[in-house]
Amino acid sequence: MIGTGSMGGMMSLLFAEYGIHTHYYDPSKKNIEALQSHAKESKHEDKITYHDDHKSLCEALEDGDKPKIFMFSIPHGGPADDSIDALEPYLKPGDIIMDASNEHWKATERRQARLEPKGIHYLGMGVSGGYQSARHGPSISPGGSKEALDKVFPFLQKIASKDKKGRPCVAKLGPGGCGHYVKMIHNGIEHGMMTALCEAWAIMNIGLGMDYEAIGTVFEKWDGDKERPLRDNFLINIGADICRTRDEKGNYVLANVRDKVVQDVDNSEGTGTWAVQEGTRLHVPDPTIAVSHLFRVASADAARRETVNKALEGKGVKPARIEGVDKDKFLEDLYNAVYASFLMCFIQGLHVLSKANEENDWKLDFADVLQLWRNGCIIQSDGVVDLLETVYRSREHDNDDLLGHKTIAGELAKTYPSLKRVVLKAIEFDLHAGALGTSLEYYKYSGSTELPTQFQEAELDYFGAHMFDLKTAEPGKPVTGDHHFEWKPARGILETND
C-alpha cells in the first residue's frame, strides 16, 4: 500500500482482517502513527508492516515468479508519477499497480502507456464509500488490461462491499481508464444528489421551521420505507444521523458547521470538476450536476459572500418561512422532488458515461456499473438503481436517451407536479433550490418540442449565417441546418452612408 491516509489506512486494516499481509509506505509520520495505532487496537499488527523506502517495500513482496501487487491511495496528479518513478527500478514484468486514488482517467491511460511496454500492469481503480466503507468493504470500479483484471479480481471480490443478495460491488469494467471514469461519474452524481438533499434540508429547517430532530425523523422515514423509491439511500441515511448527533456538551454538531464546501476549490477533490468538464466536452446536458458543482464552488469562499452581503446593505436575499402550505402535503411533495432530482442526477451522469463509452470503445456493461452502486458507495440508492436496472435490461432502452424510456418518463411525469410546487415555493420565499430548480428545467426542456431556442437560432443566422432547419421538415440530427435567410445584407462603409 502506497499512501495510508483515511482511505489507504482503512483498506490496509480491511486486508489484514481478511488475513492478507500488507506492507506499506507513507512519507507522512502522522499517517504511519495512525495506522500503527489502529492496527494495535484491532490486533492486526502482525499483518501490517511499515517500510521506510520503496526498495525495502519491493524486496518484502518478492516471491519467486509471483507478481508483486501494489495499491496507490494518494492525492491525484504528481504523487502517482513520483511513486512510479520510485518503484520502477524494482518492478518486473507481470507486476500490478492498482491506483485506488481519485485520479483523472487520462492520467491513468498515460501511465498505462508508460508501463505496459515493460510488461507492468496499471489498473485505474475507483474506490467509493468514504473511510468507513474502506474499513469494512468499499465499492470498487477497476479498469485496465484483461490479464491484470483477471489476476486481481478474486482479491477484489473478497474485499468489496456486498449487496443485500451477497453479490460483490465490483466488476471487471473494461480497458484503459474506464474504471476511474466510472468513479468520476459516480462523484458527479454524488455532488448533484448532495446538493439537492441539502436544499431539501434547508427547506425543512428554514422554510418549514422544523428542528434537527424532526428533520432526522423525516430522513429516517424516507430511507426506511421499503415500498418507496428513496429506500436504502446512503446520503439520506447518514443525513438522519447528522441531524441527531450532539457533541460532548450536548450541542448539535451540525449547528456549528459553516456553509462552505472547499474540496473542489482547494483541488483536493478533482472528480466533480472533471465530471462537469466531460459533460461539456461531450455535449451532454448534465445541468443538475453542473449547477451543483458551481453551488459548491460559490459556497467555498464564505468571506467573499460576507463582503457581498455587507455591500447589499440589508437588501440581500434572506430565506424565509413558507406560508400557505399544508405541512404534511408539502413534505410529500418534497419527497417526490428529491426523488425526481436524484433520478435525473443518475440519468445525466449515465448519459455522459454512455458518450465516453462510445468514444473510447470500452464496451461497458451498464448493468455491471449499476451493481457497483448497490452498496459501499456514496450514491447507493436502491430504489433508483432497481428502476434503472429494469430499464437497462429491457430491449427498447437507449443508453444515450434514458429519458425516452417509458418507465423513466412515467416516473418523472408523476413527480413533476410535486417538484414544480416545491421549486415555486422555494423561489417565493427566497429559499435555495438550484439543484431542484435545474432538475425541473431539465425535465421541462428535455421533452419539449417548442423551445425558445427557435428565436436564438434565428439570431445566430442573422449575424453569423449559421443556418437553420425548417419546422416543416423532420427534426433530424444535431447537425448544421440547410437554410439561411438574408435578414440584413452586409454592406460596406460607402454603401451604408448612401
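# A tour of the predicted model

Select A367 first: it sits in helix α15. The model is predicted, and every value below is computed from it. A367 has a relative accessibility of 11% and counts as buried, because the cut-off for buried is under 20%. Now add G8 to the selection and draw a C-alpha to C-alpha distance. A367 and G8 are 359 residues apart in sequence, and the distance in space is 28 Å.

**Along helix α15**

Stay on α15 and move to L370. This helix covers residues 366-372, and L370 is part of it. Is L370 buried or exposed? Its relative accessibility is 0%, so L370 counts as buried. Show the residues around it, leaving aside those within four places in sequence: L370 is in contact with V385, L388, E389 and Y392. For a distance check, select G410, which is 40 residues from L370 along the chain. The C-alpha atoms of L370 and G410 are separated by 21 Å.

**The loop before α15**

Step back to D361, in the loop between α14 (327-360) and α15. Look at its backbone: phi of D361 is positive, about 55°, although the residue is not a glycine. D361 has a relative accessible area of 48% and is therefore partly exposed, since exposed requires over 50%.

A second residue of this kind is K43. Select the loop between α2 (29-41) and β2 (48-50) to find K43. Phi of K43 is near 60°, again a positive value in a residue other than glycine. K43 counts as exposed because its relative accessibility is 72%.

**W105 and its surroundings**

Go next to W105, in helix α5, which runs over residues 105-115. With a relative accessibility of 2%, W105 counts as buried. Which residues does W105 touch, not counting those up to four places away in sequence? They are G177, H180, Y181, E278, R281, E359, N360 and W362. Display these as sticks together with W105. Then select G176 and draw the C-alpha distance to W105: the two residues are 71 apart along the chain, and their C-alpha atoms are separated by 8.1 Å.

**S73 and the residues around it**

Select S73, in the loop between β3 (69-72) and α4 (78-87). S73 is buried, because its relative accessible area is 15%. Where does its side chain point for a polar partner? The side chain of S73 reaches the backbone nitrogen of G8 at 3.1 Å. This is the G8 used in the distance from A367. Expand the selection to the residues S73 touches, not counting those up to four places away in sequence: M1, I2, G3, M7, G8, M11 and S101.

**S439 in helix α18**

Another serine to select is S439, in helix α18 (residues 434-446). S439 counts as buried, as its relative accessibility is 0%. Which backbone atom does the side chain of S439 reach? That atom is the backbone oxygen of A435, at 2.9 Å. Beyond the neighbours within four places in sequence, S439 is in contact with T288, S341, M344 and L419.

**G464 at helix α19**

Helix α19 covers residues 453-464, and G464 belongs to it. G464 is partly exposed, with a relative accessible area of 30%. Add H484, which is 20 residues from G464 in sequence. The C-alpha atoms of G464 and H484 are 9.9 Å apart in space.

**Zooming out**

Clear the selection and show the protein chain as a cartoon. How many helices and strands does the chain have? Its secondary structure comes to 20 helices and six strands. Taken along the principal axes, the C-alpha atoms fill a box of roughly 85 × 65 × 50 Å. The radius of gyration is 26 Å, which agrees with the value near 23 Å for a compact globule of 498 residues.

Colour the chain by accessibility next. Buried residues make up 49% of the 498 residues. About 24800 Å² of the chain is exposed, with carbon and sulfur atoms supplying 53% of that area.

Contacts can be taken in the same view. Of those between residues at least 6 apart in sequence, 71% join residues at least 24 apart.

Last, colour by charge. The protein chain has 58 positive and 76 negative charges, and the mean positions of the two sets are 4 Å apart.

Definitions and conventions:
Residues are numbered from 1 along each chain as its sequence is written. This is a predicted model: local features need pLDDT of at least 70, side-chain atom pairs count only at pLDDT 80 or more; totals for chains, interfaces and linings use all residues. Side-chain values use heavy atoms; hydrogens and water are left out. Helices (H or I, at least four residues) and strands (E, at least two) are DSSP runs, numbered from the N terminus. Buried means under 20% relative accessible area, exposed over 50%, partly exposed in between (1.4 Å probe, protein chains only). A polar contact is a pair of N or O atoms within 3.5 Å; within protein, one must be able to donate a hydrogen and the other to accept it, and residues adjacent in sequence count only if both atoms are side-chain atoms. Contact means heavy atoms within 4.5 Å. The radius of gyration is taken over C-alpha atoms; the globule rule is 2.2 Å times the number of residues to the power 0.38. Accessible areas come from the Shrake-Rupley method with a 1.4 Å probe; for residues, only the protein chains shown count as cover. Lys and Arg count as positive and Asp and Glu as negative; His and the chain ends are not counted. The place of a charge is taken as NZ of Lys, CZ of Arg, CG of Asp or CD of Glu.
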